[in-house]
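User: I would like to go through this model feature by feature and ask on what grounds each label is given. Please set the values against the criteria as you answer.

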Amino acid sequence: MFRFTAILAIVSLVPSIVTAQASLYGQCGGVGWTGATTCDSGSSCQEINSYYSQCLPGSTTVPTTPTTQPASASGTTTSSAPTSTATGAAGNPFTGYEIYLSPYYVAEVQAAVANITDSALQAKASKVANIPNFTWLDEVAKVPTLGTYLADADALAKSSGNEQLLQIVVYDLPDRDCAAAASNGEFSIANNGQANYFNYIDQIVAQIQKYPGVRVVAIIEPDSMANLVTNLSVAKCANAASTYKACVQYALEQLATVGVYMYLDAGHAGWLGWPANLSPAAQLFAQTYQAAGSSPFFRGLATNVANYNALTTTSPDPITQGDANYDELLYIQALSPLLIEQGFPAQFIVDQGRSGVQNIRSAWGDWCNVKGAGFGTQPTTNTGSSLIDAIAWIKPGGECDGTSDSSSLRYDPHCSLSDALQPAPEAGTWFQTYFEQLVSNANPAL
Ligand code: BGC
């Protein structure tokens, strides 16, 4: 600590070399930094960690690393921050922002509400349109809509005075959903998939770059890394492994250049939370973090995306029997120290969109349109754990997990199990009966 203080003191003695202004997203401070410490207009210097401050959009000035340590009441210097909070990022990206409602989801919900005849149910359902959800960019053709939403969010921020945060899911890997069939995507590795994916990411980056005033939070590629931890015995996953890694790395690197805060998908308690999977998972996530340049914008991991697990429970679902990590918090608490050991101080975001009702599955691996599910805890940064930045609704409730039509190309048998609601349409399309079920069973009630 003393060494840091000394170095910073020396830096402060050489103002002649720090007069230029750093550009948007440029470095503007940190231990040993001798470049510009102020930013171009429209951005301000914000401390990401003690080694790195960066010019970020907006005028809020967050003080950079102090050049002297604050004195404690007794006159001695304060101790350094505990290592467990050395998150490597500038704090919770959700703090101070209003979440922009996804127009895509709002339109789906409004159409669904119009189709409900029971007026009590209709009143509850209409509330869902005001609860933040994520926009899934599950095909390249949807990327231009992101530009429209960013422009709208930017205008809203200006007219309301409330800074806007837009939530997206990046979900278009080649050979997507390699261990299942329901969400197979548009790109294939055999047919130029990696280049197509890079182009998909480039298009997202180009849109976001135009609106530096809007904060973007992205979930990166649900299921991708988890499949590489446990499903390499599936030929499609083994064949996809190196491409998935290259594509995810590209997404993480490129989106960081435009200041997107990212959480890479980390499956859920019933997948990577098993003792045998925790260490390999931590290793893969830490390697991915390092390969992508240990960017502070790679904020951490997302869990339970599109799944049904509780964040915490005092009575574990019988299907979890045998796994000490029977809920998401236990999983996160088990994974976190392993990640920190390997140099990845990850924070978490947890999907609770469909977790309102527990003990509804016949097996923990059942993921398709599970009967009896209800909307869960509503999005909040009041998470009860310093490891968790936000509880969110990530899977848009009412969008289907997969078709139950066995003649479909993307038919997956999980979607006709006895605990799956049927008949179900194609993945991602609207499933009205399922939406109504989520509304009726919401816990807390809508
Ligand atoms: C589907 C996507 C959809 C996403 C969110 C996935 O299962 O494959 O098309 O965007 O769910 O509903």
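Analyst: What follows takes up a helix, some aromatic pairs, a pocket and a cavity of this model, which is a predicted one.

User: How do you know that the length of helix 8 agrees with its number of residues?

Analyst: Helix 8 runs over residues 275–291, which makes 17 residues, and at 1.5 Å a residue it should span 24 Å. The C-alpha atoms at its ends are 25 Å apart, so the span agrees with the expected one. Just after helix 8 comes Gly293, which has a positive phi, near 90°.

User: Which residues of helix 8 are buried, and what do they pack against?

Analyst: Those under the 20% limit of relative accessible area are Asn277, Leu278, Ala281, Ala282, Leu284, Phe285, Ala286, Thr288 and Tyr289. The buried residues pack against helix 6 (224–230), helix 7 (235–257) and helix 9 (328–341), and also against strand 10 (261–265) and strand 11 (298–303).

User: Why is the pair of Tyr261 and Phe297 called edge-to-face?

Analyst: The structure holds 13 aromatic pairs. In the pair of Tyr261 and Phe297 the ring centres are 4.9 Å apart, within the 6.5 Å limit for a pair, and the planes stand at 70°, over the 60 degrees required, so the pair is edge-to-face. Because Tyr261 lies in strand 10 and Phe297 in the loop between helix 8 and strand 11, the pair ties together parts that are 36 residues apart in sequence. Both Tyr261 and Phe297 are buried.

User: What makes Trp274 and Trp364 an edge-to-face pair, and which parts does the pair tie together?

Analyst: Their ring centres are 5.9 Å apart and their planes are at 65°, so this pair too meets the limits of 6.5 Å and 60 degrees and is edge-to-face. Trp274 belongs to the loop between strand 10 and helix 8, and Trp364 to the loop between strand 12 (347–351) and strand 13 (388–392), so the parts tied together are 90 residues apart in sequence.

User: Is Trp274 buried, exposed or partly exposed, and what is the case for Trp364?

Analyst: The relative accessibility of Trp274 is 28%, which lies between 20% and 50%, so Trp274 counts as partly exposed. Trp364, with a relative accessible area of 6%, is under 20% and therefore buried.

User: Why is Tyr149 called buried, and which residues is Tyr149 in contact with?

Analyst: Tyr149, whose place is in helix 4, has a relative accessible area of 11%, and because this is under 20% the residue is buried. Leaving aside neighbours within four places in sequence, Tyr149 is in contact with Tyr100, Pro103, Tyr104, Thr135 and Leu166. The C-alpha atoms of Tyr149 and Leu101 are separated by 9.3 Å, although the two residues are 48 residues apart along the chain.

User: What lines the largest pocket?

Analyst: The largest pocket has a volume of about 930 Å³, and of its 43 lining residues the closest to the centre are Tyr171, Asp177, Ser183, Asp223 and Trp367. Strand 7 (135–137) and helix 4 (143–160) are the elements that give two or more residues to the lining. By class, the lining has 15 nonpolar, 15 polar and 13 charged residues.

User: How many cavities of 30 Å³ or more are there, and what lines the second largest?

Analyst: There are 4 such cavities, and the second largest has a volume of about 70 Å³. Of the 13 residues that line the second largest cavity, the closest to its centre are Ala310, Asp317, Thr320, Tyr326 and Gln358. Its lining divides into 5 nonpolar, 6 polar and 2 charged residues.

Note on methods. Residues are numbered from 1 along each chain as its sequence is written. This is a predicted model: local features need pLDDT of at least 70, side-chain atom pairs count only at pLDDT 80 or more; totals for chains, interfaces and linings use all residues. Side-chain values use heavy atoms; hydrogens and water are left out. Helices (H or I, at least four residues) and strands (E, at least two) are DSSP runs, numbered from the N terminus. The expected span of a helix is 1.5 Å times one less than its number of residues. Buried means under 20% relative accessible area, exposed over 50%, partly exposed in between (1.4 Å probe, protein chains only). Contact means heavy atoms within 4.5 Å. On a 1 Å grid over the protein atoms alone, a cavity is a set of points where a 1.4 Å probe fits but cannot get out, and a pocket is an open set with protein on both sides within 12 Å along at least five of seven lines; lining residues have an atom within 4 Å of a point. Grid points are joined across faces, edges and corners, and a volume is the space filled by probe spheres set on the points. Ala, Val, Leu, Ile, Met, Phe, Trp, Tyr, Cys and Pro count as nonpolar, Asp, Glu, Lys and Arg as charged, and the others, Gly among them, as polar. Rings of Phe, Tyr and Trp (its six-membered ring) pair if their centres lie within 6.5 Å; planes under 30 degrees apart count as stacked, over 60 as edge-to-face and the rest as tilted.
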